[in-house]
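This report walks a newcomer through a protein model, one part at a time. Please keep the sequence and the structure in view while reading.

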Amino acid sequence: MDRAELSITVHRTADEVVLRLAGEIDMLTAAQLSSTVNEVLGDPPPRIVLDLGGVTFCDSQGLGTLVVLSRKASHSQSLLVLTQVGDFLLRVLDITGLRSALMIRNNQSLP
């Protein structure tokens, strides 16, 4: 079995930090995502954007991590926004009832 991989590219501007994710968000990679977002929250921008366009899989650990990171960002006076969320992930968020716990902006300009 191949080990799940997640690559994260960070791009910082004056008012936001964009994290472009590619690969899988699961029990093996969720800590990597948490660590990267926690580093960004060390000097919190007004907005953190997680671009999920390259995400191919997300398990329950990944879903929980997204919710926890959204709350952490909020506590740091930052807004965590998910963009380019795939149909598969939108369905999972709907089924689990977590969609309302996350800010999702697909194909729209950000607030």
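## A turn after a helix, and the sheet around it

Just after helix α2, residue Q77 takes a positive phi of about 65°. The structure shown here is a predicted model, and Q77 is a convenient place to enter it. The residue lies in the loop between α2 and β4, and its phi is noteworthy in that the value is positive although Q77 is not a glycine. Most residues other than glycine have a negative phi. With a relative accessibility of 68%, above the 50% cut-off, Q77 counts as exposed.

A second residue of this kind follows on the other side of β4. Q84, which is found in the loop between β4 and α3, has a phi near 55°, again a positive value in a residue other than glycine. Its relative accessible area of 42% makes Q84 partly exposed.

### The helix before the turn

Helix α2 covers residues 60-75 and lies across β2, β3 and β4, running at about 145° to β4. The length of α2 can be checked by a simple piece of reasoning: at 1.5 Å a residue, its 16 residues should span 22 Å, and because the C-alpha atoms at its ends are 23 Å apart, the two values agree. At the N-terminal end, D59 caps α2, with a side-chain oxygen placed 3.0 Å from the backbone nitrogen of Q61.

Which residues of α2 are buried? They are G62, L63, T65, L66, V67, L69, S70 and A73, and the elements that cover them include β2, α1, β3, β4 and α3. S70, a residue of helix α2, may serve as an example: its relative accessible area is 14%, and S70 is therefore buried. Setting aside neighbours within four places in sequence, S70 is in contact with L80, A101 and L102.

### The sheet

What is the order of the strands in the sheet? The 5 strands form an open sheet in the order β1-β2-β3-β4-β5, and their pairing is mixed. At the edges stand β1 (6-12) and β5 (103-104), each of which pairs on one side only. Strands of a sheet pair through backbone hydrogen bonds, either parallel or antiparallel.

Three of the pairings can be set side by side, each with a pair of residues that stand opposite one another.

| Strands | Sense | Bridges | Residue pair |
|---|---|---|---|
| β2 and β3 | parallel | 9 bridges | R20 and D51 |
| β3 and β4 | parallel | 5 bridges | L50 and L82 |
| β4 and β5 | parallel | 2 bridges | V81 and M103 |

Between β3 (residues 47-58) and β4 (residues 79-83), further partners can be named: V49 of β3 has V81 as its bridge partner in β4, and R47 is partnered by L79. V81 thus appears in two pairings, since V81 also stands opposite M103 in β5. Strand β4 is mostly covered, as 4 of its 5 residues are buried.

### How the chain passes between the strands

The connections can be followed from strand to strand. Strand β2, helix α1 (residues 30-40) and strand β3 make a right-handed β-α-β unit. From β3 the chain then crosses through α2 to β4, and this crossover is right-handed. The passage from β4 through α3 to β5 is likewise a right-handed β-α-β crossover.

### The helix after β4

Helix α3 (residues 87-96) packs on the sheet and touches β3 and β5, while its direction makes about 100° with that of β3. Is L89, a residue of helix α3, buried or exposed? With a relative accessibility of 1%, which is under the 20% cut-off, L89 counts as buried. Apart from neighbours within four places in sequence, L89 is in contact with L52, C58 and L63; of these, L63 is also among the buried residues of α2. By contrast with these contacts, L89 and P45 are 26 Å apart in space, C-alpha to C-alpha, and 44 residues apart in sequence.

Definitions and conventions. Residues numbered from 1 in each chain as written. Predicted model: local features only at pLDDT ≥ 70, side-chain atom pairs only at ≥ 80, totals over all residues. Heavy atoms only, no water. Pairing = 2+ DSSP bridges. Contact = heavy atoms within 4.5 Å. Axes fitted to C-alpha atoms, helices over the stretch in contact; angles between N-to-C directions. Right-handed = clockwise from strand over helix to strand, strands pointing away. Expected span 1.5 Å × (residues − 1). Buried < 20%, exposed > 50% of the residue type's maximum accessible area, 1.4 Å probe, protein only. Polar contact = N/O pair within 3.5 Å; in protein donor to acceptor, adjacent residues only side chain to side chain.
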